[in-house]
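Reader: I have a chain open on my screen and would like to talk it through with you. Could you take me around it a piece at a time?

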Amino acid sequence: MPLASAQGWSIAVLAAACIVAATALPACTGSRSTSQPGWLDGSSPEFPPSQYLLGIGQGETRALAAERAYAAVAKIFKAEITAQAKDWESYLVIETRGKATSERRLTLDHVTRVSTDKVLENVRILATWFDRRNGQHYVLAGMNRAQAESALLERIAELDRMIDAEVTEARGTRDKLTRVRNLKRAAKNLVLRESYNADLRVIRASGQGYPPAYRVAELTAELEQFLATNLAVAVEVTGDQAEPIQRALIEGLIREGLSVTGRQPAGENPPLGGEAGPVPELIVKGAVRVWPIDAHDPPFQFVRWCSEFVIQELATQRIVGAVSKGGKEGHLTTGEATAKALRVMQQEVASDLAKAIAGYVYGDAELPAAARPPAGCPRGDDGSMPPATNPLSM
């Protein structure tokens, strides 16, 4: 198919809808005449290109021809959006920091699908023809440029109002999280707005869009600068394997675009976060435990691991989230089992926790409100995990 898979399903749905409507709507009329219609070579006065954006599909069935006609129209929009994608790269870096290029592509496809699918709702089957000589169906799909332009301008105006309100609130508030979240929303809405604008350039015969009041690169740069100089996360991890877990958590937070002030486990210098940065807004406190267990499964050796973290606002001392995870890993030796457990903790605890904290900071998701101790984790008299021990020494 000419269109990427991110849009293929919607094209098929739209094509099917118009095929059904063809039985009732005079606009979706067909012909089995042996005389080839003029629209096949673009010379139909009934659907002039100055008034209609057109696509032609051919297939052994009418449904297949209709789907390909929709794809032909959508391909025009896809090409324009792809050409504009470089202007949105700064947003993609923030949205998918540390991810593979393919994942960034999926993020862009998701954003642009929202706009292009909306535009394709204006596409209709304008005419059909069956060629008896070769047994092929031909479908002409298209949209009225004036009607589609009016709908797009209305949507762009709505997004402009939202973006302006978000930027105004971000720049007028003293609350750091409110500022970050509004700048992030404004940048995201601006990318969506610009994808609509790319569609508008396709629809307008002049090829001209409607310039935005802000630029994606400028808003994302403002967001990153504010994060770097005004909002940081402090990290404090204690217990078994605290140092590698803390490093993994710090690295994960940095990949998410957050500044970090690291607090080194007792007796270690210098601080993991490097030189002093902005005053921390949040602190992540955690404890990890790893200890050997007898799983009665020779010749393997097993260790169990547990982790408990709370995320707290330093200014108010309010707990905004808590996460607990645990598990069991086995290998031929206790040392190898411990190393395997460490790798699992770095991924399932440190990496996932960093993403959850970033989602909270950016306003994309709420943190878990409470954490229950993982099954099998030892508890002290006060309900907390007992002091750490070294499984390698046991």
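Author: Gladly, and one caution belongs at the start, namely that this is a predicted model. Let us begin with Ala322, which is found in strand E9.

Reader: Is Ala322 buried or exposed?

Author: Ala322 counts as buried, because its relative accessibility is 9% and the cut-off for buried is under 20%.

Reader: And how far is Ala322 from Gln312 in space?

Author: Their C-alpha atoms are separated by 8.8 Å, while along the chain Ala322 and Gln312 are ten residues apart.

Reader: What sits between E8 and E9, then?

Author: A loop joins strand E8 (301-313) to strand E9 (319-331), and Gln317 lies in it. Gln317 is not a glycine, yet it has a positive phi of about 65°.

Reader: Where does Gln317 fall on the accessibility scale?

Author: Gln317 is partly exposed, because its relative accessible area of 48% falls between the limits of 20% for buried and 50% for exposed.

Reader: Which other residue has a positive phi although it is not a glycine?

Author: Gln241 is one, with a phi of about 55°, and its place is the loop between strand E5 (232-239) and helix H8. Gln241 is partly exposed as well, at a relative accessible area of 26%.

Reader: Since you mention H8, what does H8 pack against?

Author: Helix H8 (residues 242-255) packs with helix H9 (residues 334-362) at an angle of about 35°, and the two axes are 8 Å apart. The crossing of this pair is right-handed.

Reader: Which residues of H8 and H9 meet there?

Author: From H8 the residues are Pro244, Ile245, Ala248, Leu249, Gly252, Leu253 and Arg255, and they meet Leu342, Met345, Gln346, Ala350, Ser351, Leu353, Ala354 and Ile357 of H9. Sorted by class, this contact between H8 and H9 has eleven nonpolar residues, three polar and one charged.

Reader: What comes just ahead of H9, in the loop after E9?

Author: Leu332 lies in that loop between E9 and H9. Setting aside residues up to four places away in sequence, Leu332 touches Pro299, Phe300 and Gln301. The C-alpha atoms of Leu332 and Pro298 are separated by 8.8 Å, although these two residues are 34 apart along the chain.

Reader: Where is Ala295 found?

Author: Ala295 is found in the loop between strand E7 (280-293) and E8, and at 27% relative accessibility it counts as partly exposed. Ala295 and Gly330 are 35 residues apart in sequence, with a C-alpha to C-alpha distance of 9.2 Å.

Reader: Let me change topic to H7. How long is that helix?

Author: Helix H7 (residues 216-230) has 15 residues, and the span from its first C-alpha to its last is 21 Å, close to the 21 Å expected at 1.5 Å a residue.

Reader: Which residues of H7 are buried?

Author: The buried residues of H7 are Val216, Leu219, Thr220, Glu222, Leu223, Phe226 and Leu227. They lie on the same side of H7, because the arc they cover around the axis is only 155°.

Reader: I tend to notice arginines, so where is Arg145 and what does it contact?

Author: Arg145 is found in helix H5 (residues 145-172), and at 14% relative accessibility it counts as buried. Leaving aside neighbours within four places in sequence, Arg145 is in contact with Pro49, Ser50, Gln51, Tyr52, Leu53, Val202, Ile203, Arg204 and Ala205. For Arg145 and Tyr52, the C-alpha atoms are separated by 5.4 Å, whereas along the chain the pair is 93 residues apart.

Reader: And what does Asn182 touch?

Author: Not counting residues up to four places away in sequence, Asn182 touches Glu166, Glu169 and Ala170. Asn182 has its place in helix H6 (residues 176-203) and is buried, with a relative accessible area of 5%.

Reader: To finish, how many helices and strands does the chain have, and how much of it counts as buried?

Author: The chain has nine helices and nine strands, and 45% of its 394 residues count as buried. Among contacts in the chain with a separation of 6 or more, 71% are between residues 24 or more positions apart.

Terms used:
Residues numbered from 1 in each chain as written. Predicted model: local features only at pLDDT ≥ 70, side-chain atom pairs only at ≥ 80, totals over all residues. Heavy atoms only, no water. Axes fitted to C-alpha atoms, helices over the stretch in contact; angles between N-to-C directions. Helix = DSSP H or I, 4+ residues; strand = E, 2+ residues; numbered from the N terminus. Left-handed = near helix turned anticlockwise from the far one by under 90°. Contact = heavy atoms within 4.5 Å. Nonpolar A, V, L, I, M, F, W, Y, C, P; charged D, E, K, R; others polar. Buried < 20%, exposed > 50% of the residue type's maximum accessible area, 1.4 Å probe, protein only. Expected span 1.5 Å × (residues − 1). Arc of directions from axis to C-beta.
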